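Student: I've got a new model open and I'd like to practise reading it. Where do we begin?

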Amino acid sequence: MIRPAFGADTAEWGKASPVNFVRAGQPPFRLVNGGGFTDASLVRQANAFVARLKQKGITNYQASITPGAGHVELIQNVGRTGDPTTRAVRDFIRKVTGA
């Protein structure tokens with residue numbers, strides 16, 4: 001799935017990481033991570049992103065972990081009734097927009 005999007009040169013993959021594009025003055029962020037991730041690099045990436053937000057002085061963000069969910073489960077369940085990720089994103093949008 002990654003190769004078609006970013007190519008086969010793994011040295012180039014890091015350049016596309018969102019962590020490299022964090023700048024002061026950006027809009028609010030909502031970060032979602034799954035507690036069921038078996039790939040420790042995904043957790044490191046999420047933690048690095050939050051650290052970069054803090055480094056750039058961005059305080060208008062929320063981060064959460066959805067217990068037991070992996071990357072695929074997070075994507076598959078978004079929008080379903082009772083999904084905790086959907087609820088967190090919806091609440092964040094309401095907070096940010098005042099809706």
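Tutor: Let's begin with one residue: Val32, which lies in strand β1. Keep in mind that this is a predicted model.

Student: Is Val32 buried, partly exposed or exposed?

Tutor: Go by relative accessibility: under 20% is buried, over 50% is exposed, and partly exposed is in between. Val32 has 32%, so it counts as partly exposed.

Student: And which residues form a nonpolar patch on the surface with Val32?

Tutor: Val89 and Ile93 do; together the three have about 200 Å² of accessible area.

Student: Can you give me an exposed residue to set beside that?

Tutor: Try Ala11 in helix α2, residues 10-13. Its relative accessibility is 60%, and with the cut-off at 50%, Ala11 therefore counts as exposed.

Student: How far apart are Ala11 and Gln76 in sequence and in space?

Tutor: They are 65 residues apart along the chain, and their C-alpha atoms are 29 Å apart.

Student: Now a whole helix, please. How does the reach of α3 sit against the expected value?

Tutor: The idea is to take the rise of 1.5 Å a residue and see what span it predicts. Helix α3 covers residues 40-55, 16 residues in total, and from first C-alpha to last it reaches 22 Å, close to the 22 Å expected.

Student: Which residues of α3 are buried?

Tutor: Phe49, Val50 and Leu53. Look down the axis of α3 and these buried residues fall within an arc of 95°, so they line one face of the helix.

Student: What do the buried residues of α3 pack against?

Tutor: Both strands listed here: β1 (29-34) and β2 (61-66). On the other side of α3, you'll find Arg44, Lys54 and Gln55 exposed.

Student: What happens just after α3?

Tutor: Check the backbone there: Gly57 takes a positive phi of about 80°.

Student: Let's zoom out. How many helices and strands does the chain have?

Tutor: Five helices and two strands, and from the N terminus on the order is α-α-β-α-β-α-α. The C-alpha trace spans about 45 × 30 × 20 Å along its principal axes.

Student: What share of the chain is buried?

Tutor: Buried residues make up 20% of the 99 residues. As for the accessible surface, it comes to about 6,900 Å², and 57% of that belongs to carbon and sulfur atoms.

Student: And what about contacts across the sequence?

Tutor: Take the contacts between residues at least 6 apart in sequence: 67% of them join residues at least 24 apart.

How values were computed: Residues are numbered from 1 along each chain as its sequence is written. This is a predicted model: local features need pLDDT of at least 70, side-chain atom pairs count only at pLDDT 80 or more; totals for chains, interfaces and linings use all residues. Side-chain values use heavy atoms; hydrogens and water are left out. Helices (H or I, at least four residues) and strands (E, at least two) are DSSP runs, numbered from the N terminus. The expected span of a helix is 1.5 Å times one less than its number of residues. Buried means under 20% relative accessible area, exposed over 50%, partly exposed in between (1.4 Å probe, protein chains only). The arc is that of the directions from the helix axis to the C-beta atoms. Contact means heavy atoms within 4.5 Å. Patches are made of residues with over 30% relative accessible area and no salt bridge: like charges are joined within 9 Å, nonpolar side chains (Val, Leu, Ile, Met, Phe, Trp, Tyr) within 5 Å. Accessible areas come from the Shrake-Rupley method with a 1.4 Å probe; for residues, only the protein chains shown count as cover. A salt bridge is a side-chain nitrogen of Lys or Arg within 4 Å of a carboxyl oxygen of Asp or Glu.
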